[in-house]
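Hi,

Here is the structure I promised to pass on. Have a look at it first, and then read on for what turned up.

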Amino acid sequence: MTIDRFLILMRCLHFVDNTALPETETNAEKSFNKIKPFFEAVVSRFSIIYTPEQNIAIDESVMLWKGQLAMKQYIPLKWARFGLKSYLLCESDSS
């Protein structure tokens, strides 16, 4: 995909009406509120499709991000110090 096409898609892709967004204090909340309906739909769909078995573990991970993003975090002890923190649910039966 070319950079021009990517920028057009980023400019035109919307999940909510910006005038209907609630007033929030931080830029991270504003960013998340713009994708919240999509996020909730994905989470509910994943919950229906997949149910983990008994042997599970929760792992913390940081996805490296060098660009500008209000939600990125700084964790000095990780290899990827700046990035998006996520929690992974790992199941030993299905790998």
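Let's start with a detail: in which sense do S2 and strand S3 pair, and over how many bridges? The pairing is antiparallel and runs over two bridges, with S3 covering residues 82-91. At one point along S3, Gly83 has Gln73 opposite. Do keep in mind that this is a predicted model.

Now the sheet as a whole. It is an open one with three strands, ordered S1-S3-S2 and paired in antiparallel fashion. Strand S1 (56-64) and strand S2 (73-74) each have a single partner strand and stand at the edges, so each has one side without a neighbour in the sheet.

Stepping back to the protein chain: besides its three strands, the chain has two helices. Reading from the N terminus, you meet the elements as α-α-β-β-β.

As for overall shape, the radius of gyration of the protein chain is 17 Å, whereas a compact globule of 95 residues would come out near 12 Å. Along the principal axes, the C-alpha atoms take up a box of roughly 45 × 35 × 35 Å. Just 8% of the 95 residues count as buried. The protein chain has an accessible surface of about 8500 Å², and carbon and sulfur atoms contribute 60% of that.

Two last things. Among contacts with a separation of 6 or more, 42% come from residues 24 or more positions apart. And on charges, there are 11 positive and 11 negative ones in the protein chain, with mean positions 10 Å apart.

Cheers

Terms used. Residues are numbered from 1 along each chain as its sequence is written. This is a predicted model: local features need pLDDT of at least 70, side-chain atom pairs count only at pLDDT 80 or more; totals for chains, interfaces and linings use all residues. Side-chain values use heavy atoms; hydrogens and water are left out. Helices (H or I, at least four residues) and strands (E, at least two) are DSSP runs, numbered from the N terminus. The radius of gyration is taken over C-alpha atoms; the globule rule is 2.2 Å times the number of residues to the power 0.38. Buried means under 20% relative accessible area, exposed over 50%, partly exposed in between (1.4 Å probe, protein chains only). Contact means heavy atoms within 4.5 Å. Accessible areas come from the Shrake-Rupley method with a 1.4 Å probe; for residues, only the protein chains shown count as cover. Lys and Arg count as positive and Asp and Glu as negative; His and the chain ends are not counted. The place of a charge is taken as NZ of Lys, CZ of Arg, CG of Asp or CD of Glu. Two strands pair if DSSP finds at least two bridges between them.
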